[in-house]
Amino acid sequence: MATRAVIGGAGITPATSPRKQTSSSLELIQEAVWGALQHSGAAPDSLDGIVIGNIDGFEGTVLGAKHLVRRLGLGTELPVSILNTGGTTGGNLVQVAARQVRAGDRRRVLVIGGPTFFGAQDLQSAINTNSPMIVEQPLGMGAYHMGAFYPSAYTERFGATVEDYAVSAVQDHEHASRNPYAHLRNTMTVDEVVGAKPLSYPLTMAMVCPVSTSANALLVCAEGTTSDLRPTPVLIKAFATSSDPYLGGGKNDFAAMENLAILAQKVYQLADVRDPREEIDVVEVFSPYAPMQPMQLEALGFAPPGGGIDLIRSGATRIDGDVPVNLSGGPLCTNAGVAGELAPLVYVALQLMGDAPEAMQVPGARRGLAHGTGGTFFQFENLAILERT
Amino acid sequence: MTTTQRVHWDLTYDVHLGATWGRFMAGLTEQQILANSCPECSRTFVPPQAYCESCFVRTDEWIELPAEGVVEAFTVAWQGFRGGPTPPYAIAGIRLDGASTLLMHYVGGLDLDDPSAVREQIGPGTRVRAVWAQERTGQILDITHFEKI
Ligand SMILES: [Zn+2]
């Protein structure tokens, strides 16, 4: 049987705004890396690879990650893989590390997600360079304008209101208030979310993620090689990605996350998950715009089409519910680029190890789901099922 | 202590359109919206694409689509971005008659002063028609916007 990959440690830095951040990108990454090594108990010389991500242009660099790795103080011989897949970079870091380990090519790989929304003075202009050029880029659509297409179509099909969309924002903020690493830790009411500054119909500013700075790191190891590590290893049971056509207009249906639903079927099959609501104990989805979350929960099989908002309203997705969602506060409260994309995997791993911050730990969580998505119209998805061993 | 230093990029690119998008753009200068179809699954793509990503075959049947269709999803930008249009403005995913994909474009001629009245003006299902630019140079903005029929 092929080697399986496990997560053996995690490092997180507290998040803040670019304006308040006084550390450099390198310093934040160093802090996350040394945090992960300390959490795991791994000696630096036990590493045999690094997988690190960046998003070209967002920090005024191209392949900026390659300039960072030698300055981490982890030696001069480590092979480095650099990933650059935009919004899915963070998830893909773990996928690539897991595949390197499963292939038998590496035994202990450090995965690093840096604060890639760090430098841009006008981040929206930088993000716009990622949208499909020639036919969609000239049409006045920034990231949140594209994100607004989903709720506009969902409202038409299911009759959801702006108040309905606010529900997931309220819950994310409530969860973030318990997470010492989150950027926005204030609680909000539905009225406050609805009454916030209108950005793009039907999104208000409180339904759109902040620009955060932080770094995250994870240690991916070959199963059976972690006896020197302190945490309970977490198995990467299944991990896959999928994509829609390049153009936003290639999406078939904006009222459903079809691409994610197809991916979920595949990943559940790999992980032998038959009833996700019954079998999954903790969930982190990448929903930088509040209305995405109920739609993602539907695509992932936690609610029927049109039932995602009712699921959140029922309390099932709170910390004391049967399927807690985004106990970290999610990207709506902390979004630091590649670090933010890696965060769902970091938080789910910590939950399953029993090492999450006390106020957000789900007692006895054994199986978790971590999701990522990117592309200006969210054409790209990645999805993982993790299990406590 | 200074913790930041300003870095500036100023880059210009000439992107080669290739045969498929080149033909689409040439069509726009003639006030034609050209699409192509997959011989296997019969889906019609606009903007056109050289291959069908589902069937792995070349999509070399070209057709002209009517410059009319239906809004399927939309947003109204109350806030824009530097270098973009002045808000408010409306953008929609438009299903041209006969198309299997959506064409993204502006929808103009709306009264966007009252946010609560937006949905009834361009909600999904609204029929729209392309408005052509006087001077067309082979770019997506040869259609200045779509307007309600
Ligand atoms: Zn086809």
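Visitor: How many helices and strands does chain A have?
Guide: This is a predicted model. Chain A combines helices with strands. The count is 14 helices and eleven strands.

Visitor: What radius of gyration does chain A have, and how does that sit with the globule rule?
Guide: For 389 residues the globule rule gives 21 Å. Chain A comes close to that value, so it is as compact as a globular protein of that length. Its C-alpha trace spans about 55 × 45 × 35 Å along the principal axes. The radius of gyration is 19 Å.

Visitor: What share of chain A counts as buried?
Guide: A residue counts as buried under 20% relative accessible area. Chain A has 389 residues to judge this way. The buried share is 65%.

Visitor: Among contacts in chain A between residues at least 6 apart in sequence, what share joins residues at least 24 apart?
Guide: A contact here means heavy atoms within 4.5 Å. Pairs in chain A enter the count when they are at least 6 apart in sequence. Those at least 24 apart make up 78%.

Visitor: Why is strand β4 of chain A described as largely enclosed?
Guide: Strand β4(A) covers residues 108-113. R108(A), L110(A) and I112(A) point one way, while V109(A), V111(A) and G113(A) point the other way. Both sets are buried. The rest of the structure largely encloses the strand because the buried residues number six of the six.

Visitor: Which residue of β4(A) is the bridge partner of I52(A)?
Guide: Strand β2(A), residues 49-53, runs parallel to β4(A). Five bridges join the two. The partner of I52(A) in β4(A) is I112(A).

Visitor: Which residue of β7(A) stands opposite V111(A)?
Guide: Strand β7(A) covers residues 216-222. It pairs with β4(A) in the antiparallel sense, over six bridges. Opposite V111(A) stands L218(A).

Visitor: Which residues of helix α6(A) are buried, and which residue follows the helix?
Guide: Helix α6(A) runs over residues 149-158 and is largely enclosed by the rest of the structure, because seven of its ten residues are buried. Those are F149(A), Y150(A), P151(A), S152(A), A153(A), Y154(A) and T155(A). After the helix comes a residue with a positive phi, near 75°. That residue is G159(A).

Visitor: In what pattern do the helices and strands of chain B follow one another?
Guide: Chain B has two helices and ten strands. Read along the sequence, the pattern is α-β-β-β-β-β-β-β-β-α-β-β.

Visitor: What radius of gyration does chain B have?
Guide: A compact globule of 149 residues would come near 15 Å. The C-alpha atoms of chain B fill a box of roughly 65 × 40 × 35 Å along the principal axes. Buried residues make up 45% of the chain. The radius of gyration is 18 Å.

Visitor: Which strands stand at the edges of the open sheet in chain B?
Guide: Three strands of chain B form this antiparallel sheet, in the order β2-β1-β5. Each edge strand has a single partner strand, so one side of each is left without a neighbour in the sheet. The edge strands are β2 (44-45) and β5 (61-65).

Visitor: Which residue of β5(B) is the bridge partner of A35(B)?
Guide: Strand β1(B), residues 33-37, runs antiparallel to β5(B). Five bridges join them. The partner of A35(B) is I63(B).

Visitor: Is M104(B) buried or exposed, and what is its relative accessible area?
Guide: M104(B) is found in strand β8(B), residues 103-107. Residues it touches include E136(A), L139(A), M141(A) and F149(A) from chain A, and A92(B) and G93(B) from chain B. Buried means under 20% relative accessible area. M104(B) is buried, at 2%.

Visitor: How far apart in space are M104(B) and V71(B)?
Guide: In sequence the two are 33 residues apart. In space the distance is taken C-alpha to C-alpha. The value is 9.6 Å.

Visitor: How far apart are the centres of the positive and negative side chains in chain A?
Guide: Chain A has 26 positive and 37 negative side chains. In chain B, the mean positions of 11 positive and 18 negative charges are 3 Å apart. For chain A the centres lie 6 Å apart.

Key
Residues are numbered from 1 along each chain as its sequence is written. Chains are lettered from A and ligands numbered from 1 in the order in which they are written. This is a predicted model: local features need pLDDT of at least 70, side-chain atom pairs count only at pLDDT 80 or more; totals for chains, interfaces and linings use all residues. Side-chain values use heavy atoms; hydrogens and water are left out. Helices (H or I, at least four residues) and strands (E, at least two) are DSSP runs, numbered from the N terminus. The radius of gyration is taken over C-alpha atoms; the globule rule is 2.2 Å times the number of residues to the power 0.38. Buried means under 20% relative accessible area, exposed over 50%, partly exposed in between (1.4 Å probe, protein chains only). Lys and Arg count as positive and Asp and Glu as negative; His and the chain ends are not counted. The place of a charge is taken as NZ of Lys, CZ of Arg, CG of Asp or CD of Glu. Two strands pair if DSSP finds at least two bridges between them. Lists of a residue's contacts leave out its neighbours within four places in sequence.
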